[in-house]
Amino acid sequence: MFDVDWMGLLTREVLRERGGALVAESCAWAVGMSDAPHHERRAGRLVATGLTVGERAAHGRPLAGEEDGRLELGDARPGSFQDALNMVGGDGRVQAERFDDEVLVPFVRETCRLAAERARTTRAAAWVELADDLGEDPADPAGVVRAGGWEAPLRIDAEHLVLAALGTVPLIEVEAEGLPLSLVRAAEALARQAAPAEPPAGPDPSLIGARFLAEQALRSSALPVPVPPEASDELLDAFGAEGLEADEIRRILADLPLAPGTAERVAALLADAGW
């Protein structure tokens, strides 16, 4: 057994520090639930009740049906956030499952990352020893966290924190609290979608001369284009006639009009020749 309790305690400490942010993200996630059609499962079939989630909550009726939800979320106050987590959505999934995937899991992963970065700074020697015990690279915090297995128990702690803060609060109040942050998140999503994609990396400018000589070699050799694998020897001879070095040839193969298999054949010939 590895003595890794100090790291588990550190992840819980960072989670407590970020508790306010977790509650805020939970409120933002809930925005819009009241406007969605309400569904429940009857005799194993998913059916719409004809009301929105908000209308059903306003009538004081439970949001989660008797056939839906998680046992640990049962006995919730009708119309509360906990009740909403336990209800089934139009896709047949319990909302708590969506909450896990969309809020708890990424939040806990980021919390563990922050805890790992803190450990590397404040407990450098202990961090190196911990990584060694787990068989991971100390320079790879994500790998150490995965090997340590702190995310799963921390997710349970995070869920308890959210339910303690919001579980009995009416869903409509949770949504109202989360509206400002949800607008920020929506704006961020639009900005990411509108951002231009990074242009593909261009050819290495340090190889401009080598590519010019390689193209000259192709023209003077009269080899078929794309160059087939069986012409690899002639291609190497043409490159040599133009003064290309072996390292230059390896680095420009991907930029040349070669048939499938030719680049690999040329690289093998260079290796056989000890170049």
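The following paragraphs describe helix H2, the largest pocket, a strand hairpin and several individual residues in a predicted model.

Helix H2 runs over residues 19-30, and its length can be checked by simple reasoning. With twelve residues at 1.5 Å a residue, H2 should span 16 Å, and because its end C-alpha atoms are 17 Å apart, the model agrees with that expectation. The buried residues of H2 are Gly19, Leu22, Val23, Ser26, Cys27, Ala28, Trp29 and Ala30. The cover over these buried residues includes helix H1 (5-17), helix H4 (81-85), H5, helix H8 (151-166) and H9. Just after H2, glycine 32 adopts a positive phi of about 100°.

The largest pocket has a volume of about 290 Å³. Its lining is made up of Arg18, Ala21, Glu25, Ala28, Trp29, Glu102, Val103, Pro106, Phe107, Ser182, Arg185 and Ala186, and at least two of the lining residues come from each of helix H2 (19-30), helix H5 (95-122) and helix H9 (171-194). When these residues are sorted by character, seven are nonpolar, one is polar and four are charged. Two of the residues named above as buried in H2, Ala28 and Trp29, thus also appear in the lining of this pocket.

Glutamate 25 belongs both to helix H2 and to the lining of the largest pocket. Its relative accessibility is 22%, and glutamate 25 therefore counts as partly exposed, since buried means under 20% and exposed means over 50%. Apart from its neighbours within four places in sequence, glutamate 25 is in contact with Val103, Leu181 and Arg185, and of these contacts Val103 and Arg185 are likewise lining residues of the pocket. Glutamate 25 and histidine 38 are 13 residues apart in sequence, while their C-alpha atoms lie 23 Å apart in space.

Helix H5 also carries aspartate 100 and cysteine 112. Aspartate 100 has a relative accessibility of 10% and so counts as buried, the limit being under 20%. Once neighbours within four places in sequence are set aside, the contacts of aspartate 100 are Arg70, Val105, Pro106 and Arg155, and one of them, Pro106, is also found in the pocket lining. Cysteine 112 is buried because its relative accessible area is 1%, again under 20%. Residues up to four places away in sequence not being counted, cysteine 112 touches Met7, Thr11, Val145, Trp150, Glu151 and Leu154. Leucine 154 stands 42 residues from cysteine 112 along the chain, yet the C-alpha atoms of the two are separated by 8.6 Å.

Between H2 and strand E1 there is a loop, in which serine 34 is found. Serine 34 has a relative accessible area of 9% and is therefore buried under the 20% limit. Its contacts, leaving aside neighbours within four places in sequence, are Thr52, Val53, Gly54, Leu171, Ile172 and Glu175.

Beyond this loop, strand E1 (residues 37-42) pairs with strand E2 (residues 45-52) in the antiparallel sense, over five bridges. Arginine 42 has arginine 45, in E2, as its bridge partner. The hairpin formed by E1 and E2 has two residues between the strands, and within this hairpin alanine 43 takes a positive phi near 55°.

Technical notes: Residues numbered from 1 in each chain as written. Predicted model: local features only at pLDDT ≥ 70, side-chain atom pairs only at ≥ 80, totals over all residues. Heavy atoms only, no water. Pairing = 2+ DSSP bridges. Helix = DSSP H or I, 4+ residues; strand = E, 2+ residues; numbered from the N terminus. 1 Å grid on protein atoms, 1.4 Å probe; cavity = no way out; pocket = protein on both sides within 12 Å on 5 of 7 lines; lining within 4 Å. Points joined across faces, edges and corners; volume = space filled by probe spheres on them. Nonpolar A, V, L, I, M, F, W, Y, C, P; charged D, E, K, R; others polar. Expected span 1.5 Å × (residues − 1). Buried < 20%, exposed > 50% of the residue type's maximum accessible area, 1.4 Å probe, protein only. Contact = heavy atoms within 4.5 Å.
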